[in-house]
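Here's a quick walk through the model, starting with one aromatic residue and working out to the helices. Keep the structure open while you read.

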Amino acid sequence: SMTAQEKKRYSAVEGGFSFLGAILAYVVVSVVASFVMGGIEDGSTGKTLAEFFFGLAIQAVMITAALLPARLLGSRMTYSFRPVPARTLGVSVLIAVVCVAGFEGISLAFNCALVFGAGYDMSGVVELTGALAVVLAVIRTVLVAPLCEETLFRGSVLSSLGLMGTMNEGKRIPFMVTMCGLMFALIHMNPMQTVYQFLLGCALAYTVIRFGSIIPAIVIHALNNAVGLVLSAPAVDGAVTSWLGTVFGSGGTIAAFVAVSLALAVGAGFAVRALCRKFGGASLLSPVHHPDSPERAEDFRNYADDGGSMAGGIMYVVGAIICVVMWVTALAGGLSA
């Protein structure tokens, strides 16, 4: 039987509840939003405000889903808001730059294949027109979203992935990074963002593992979203779209663009790994035994043999299936528009 102290440690169950709960709440809010905003005039102030408040509602359900299971079960996340030195914040800014420079190209290549090759309709993409829309977008995507989404994915989900089953560090880190990135990309259910969000999600997960705190991930996420807002500005977006149309008008140019983009993405992955290992250390806060630190080994000992890994895994699978269905629906809708 578990002691009272052991019961306060995180397990795979909390992360599974967080992920599935966030998805179900996300779907409910999205359905309500579609009905409400369907009756509001496009381009109006009311439409802008409605989009903002429903966007905040989605972020609210994400952070609630992240924190509620731990509170109900009396446990605590492995990765949370542990304070970090100022140097770490500087490294986080550098990692954000590496992610934008390295991952944007391959994401654009995927998106252009959808847009120019398959005829995907981008009319649903939100355009920032007007000062109010810009201010509200900054609040929601640069200030609120990174805090809420990182608490969910690099807090609850990543903590639970570190406590699923029994794997050594060599296998557990790739498992944690890949699964966290995949779930981060899936929950947004947006074909145009999938590739970038998967790569960014993996980078964020690895950063948190190596620094032992979600604060660097919040900084990186916020800077990435800020860059995304700049790229979505009408003038910038128009120029980029025009240039990509030229690039994807020639087979040879396409091949070169994809090759360079792949090289940049791989290089960015290695750069993130090197920066995290150099400045964040190489210790994994997981159920792996640390003979040199018995206290930490005890602190993060796995107790998944109570069925937690299976229960958490089932909830992850159910949530992922819902996300995939919504993703395919969004893709099909864009292709048929």
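## Rings, charges and helix pairs

At 51% relative accessibility, Phe53 counts as exposed. What about its ring partner, Phe52: buried or exposed? Phe52 comes in at 10% relative accessibility, which is under the 20% cut-off, so it counts as buried. Bear in mind that this is a predicted model, so everything here is computed from it.

Let's step back to the whole chain for a moment. It has twelve helices and zero strands, so reading from the N terminus you just meet one α element after another. Of its 337 residues, 46% are buried. If you take the contacts between residues at least 6 apart in sequence, 84% of them join residues at least 24 apart.

Now back to the rings. A pair of aromatic rings is described by the distance of the centres and the angle of the planes. How many aromatic pairs are there? The count comes to five. One of them is Phe19 with Tyr316, a tilted pair with 5.6 Å from centre to centre and 45 degrees between the planes. This pair ties together distant parts of the chain, with Phe19 in helix α2 and Tyr316 in helix α12 (residues 308-336), 297 residues apart. Phe19 is buried, at a relative accessible area of 0%, and Tyr316 is buried as well, at 7%. The Phe52 and Phe53 pair is edge-to-face, with 5.3 Å between the centres and 65 degrees between the planes. Why edge-to-face? Because an angle over 60 degrees between the planes gets that label.

Ring pairs also build a cluster, made up of Phe19, Phe153, Phe184 and Tyr316. Phe184 has a charged residue to go with it: Arg154 lies over the face of its ring, 4.4 Å from the ring centre. Elsewhere, Lys278 lies over the face of Phe279, at 5.6 Å from the ring centre.

Just before Phe19 in the numbering is Ser18, which also belongs to helix α2 (residues 12-38). Ser18 is buried, with 0% relative accessible area. What does Ser18 touch, leaving aside neighbours within four places in sequence? The contacts are Tyr10, Ala65, Ala66, Pro69, Leu152 and Ser156.

That leads on to how the helices pack. Two packed helices are described by the angle between their axes and the distance between the axes. Here are two pairs:

| Helix pair | Angle | Axis distance |
|---|---|---|
| α2 and α3 (residues 45-73) | about 160 degrees | 8 Å |
| α7 (residues 194-211) and α8 (residues 215-232) | roughly 155 degrees | 9 Å |

Angles over 145 degrees count as roughly antiparallel, so α7 is roughly antiparallel to α8. By that rule α2 and α3 are roughly antiparallel to each other too. As for handedness, α2 passes α3 in a right-handed crossing, and the crossing of α7 and α8 is right-handed. Which residues make the α7 and α8 contact? From α7 they are Tyr196, Leu200, Leu204, Thr207, Val208 and Phe211. From α8 they are Pro216, Ala217, Ile220, His221 and Asn224.

Note on methods. Residues are numbered from 1 along each chain as its sequence is written. This is a predicted model: local features need pLDDT of at least 70, side-chain atom pairs count only at pLDDT 80 or more; totals for chains, interfaces and linings use all residues. Side-chain values use heavy atoms; hydrogens and water are left out. Helices (H or I, at least four residues) and strands (E, at least two) are DSSP runs, numbered from the N terminus. Buried means under 20% relative accessible area, exposed over 50%, partly exposed in between (1.4 Å probe, protein chains only). Contact means heavy atoms within 4.5 Å. Rings of Phe, Tyr and Trp (its six-membered ring) pair if their centres lie within 6.5 Å; planes under 30 degrees apart count as stacked, over 60 as edge-to-face and the rest as tilted. A charge sits over a ring if NZ of Lys or CZ of Arg is within 6 Å of the ring centre and within 35 degrees of the ring normal. Axes are lines fitted to C-alpha atoms, for helices over the stretch in contact, and angles run from 0 to 180 degrees between N-to-C directions. Angles under 35 degrees count as roughly parallel, over 145 as roughly antiparallel, 65 to 115 as roughly perpendicular and the rest as oblique. A crossing is left-handed if the near helix is turned anticlockwise from the far one by less than a right angle, and right-handed if clockwise.
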